[in-house]
Amino acid sequence: RKIKEGIFFAGAIDWDRRLFDALIPLPDGTSYNSFLVTGSEKTALIDTVDPSMASKLFAYFEDVKRLDYVVVNHAEQDHSGALPAVLERYKEAKVLASPKCKGMLVDHLHIPVDRICEVGDNETIPLGGKTLEFLHLPWVHWPETMATYIREDKTIFTCDLFGSHIAVSGLYENDHARVCEAAKRYYAEVMMPFRSTIKKHLERLGNYEIEVICPSHGPVHTDPSRIMGFHRDWVSEKLANTVVIPYVSMHGSTEIMVDRLTEALSSRGVNVERFNLTVTDAGKLAMALVDAATMVVASPMVLMGAHPKVISATFMANALKPKLKYLSIMGSYGWGGRMEEQVKATLANLKAEYLPSVMIKGAPVEKDFEVIDSLAEQIAEKHKESGI
Ligand code: FEO
């Protein structure tokens with residue numbers, strides 16, 4: 001499918017995939033975007049597809065007699081997994097990859113070293129009427145990632161950056177709200193921990209004239225300012241007047257506390273996004289953490305500690321390093337335990353300020369509700385003081 005003269009989409013739509021990295025829910029499927037670029041002298045393939053979809057990629061290749069280069073912007077197997085098969089078919093093709101990526105392709109896919117040419121940052125390779133320029137953009141998921149820019153076409157191939165896990169029949173983004181949500185989910189799940197690095201990449205990309213962004217998942221963007229603007233917002237220091245409450249309740253006491261906190265916060269003008277961890281989609285929780293100012297973790301005491309589902313969620317939040325400014329812990333216990341210390345230990349990466357915890361023995365009574373109201377009051381005041 002043609003994007004511009006000599007630039008074609010050759011990817012695979014995975015309508016049915018529901019889990020990525022054995023971890024990340026994909027409610028809307030995904031795509032693995034590969035692009036064929038034909039210059040007057042040479043032909044390059046930019047990224048491949050997940051190995052499970054190699055036949056879809058090869059279906060595009062009937063008329064492709066020769067491939068000079070395969071650009072690997074990212075070594076993760078959803079983009080590089082079909083590379084061995086492509087190299088087997090096109091014996092003359094050379095792989096172009098960043099130095100870090102070269103090592104990863106050898107380690108993960110056993111690609112022969114002599115098939116891989118390292119490309120430096122800002123290095124260019126002419127195809128005839130089209131020039132590939134490589135921009136090292138580490139940590140738009142893994143440390144080896146890069147983008148490939150074609151100056152003549154003002155088109156950039158950004159691998160995971162600006163991508164979205166969404167399967168659509170069209171080539172281009174045309175349902176902005178849906179794509180924005182999918183892109184935010186994707187950013188939240190794999191890029192949020194590298195926020196400050198991505199901020200610098202966005203500044204760098206601001207120096208390039210870009211008409212079309214071709215990410216390696218989801219639709220192609222023909223309004224680059226829109227998707228770049230969303231990412232600028234997500235990596236900024238801006239915080240939302242929102243409290244995220246991940247919680248589990250076994251016999252109802254913790255849920256009553258969460259209900260009270262939800263009501264007390266919303267009556268004070270603070271938004272609440274609450275996630276019952278027994279039914280929630282972890283991607284939704286990650287998205288809420290992109291800009292929330294505060295998180296209150298709520299758990300019952302189980303076997304002398306926090307509920308394992310709560311620990312799993314806080315472990316994830318710690319790994320994602322959201323820009324949270326305030327934290328608190330609350331819950332109900334029967335006879336004692338070390339829930340607070342456990343939760344705090346799993347959140348060690350976060351630099352947020354802890355507000356007082358609310359721990360209640362048994363089911364909450366009126367005096368406990370007053371303590372919860374007081375926590376809500378403190379959160380609302382802190383948000384106001386911080387201009388949130
Ligand atoms: Fe889509 Fe990080 O791979």
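Biologist: How many salt bridges does a search of the whole structure find?
Modeller: Side chains of opposite charge can pair when their charged atoms come close. In this predicted model, a search that covers the whole structure gives a count of salt bridges, and that count is 27.

Biologist: Which residue forms a salt bridge with R151, and is that partner buried or exposed?
Modeller: R151 lies in the loop between strand 14 (146–150) and strand 15 (155–159), and the pair links distant parts of the chain, with the partner placed 18 residues apart in strand 13 (residues 131–136). The closest N and O atoms of the salt bridge are 2.9 Å apart, and the partner of R151 is E133. Because buried means under 20% relative accessible area, and E133 has 7% relative accessibility, the state of E133 is buried.

Biologist: Where does E353 lie, the residue whose side chain meets that of K382 in a salt bridge?
Modeller: The side chains of K382 and E353 meet at 3.0 Å, taken from N to O. E353 has a relative accessible area of 37%, so E353 is partly exposed. The pair links distant parts of the chain, 29 residues apart, for K382 is in helix 12 (residues 366–385), whereas E353 lies in strand 22 (residues 353–354).

Biologist: Which residues are linked with R226 in a network of salt bridges?
Modeller: The side chain of R226 meets that of D223 in a salt bridge of 3.7 Å, N to O. R226 counts as partly exposed at 30% relative accessibility, and D223 also counts as partly exposed, at 31%. The network links R226 with D223 and E173.

Conventions: Residues are numbered from 1 along each chain as its sequence is written. This is a predicted model: local features need pLDDT of at least 70, side-chain atom pairs count only at pLDDT 80 or more; totals for chains, interfaces and linings use all residues. Side-chain values use heavy atoms; hydrogens and water are left out. A salt bridge is a side-chain nitrogen of Lys or Arg within 4 Å of a carboxyl oxygen of Asp or Glu. Helices (H or I, at least four residues) and strands (E, at least two) are DSSP runs, numbered from the N terminus. Buried means under 20% relative accessible area, exposed over 50%, partly exposed in between (1.4 Å probe, protein chains only).
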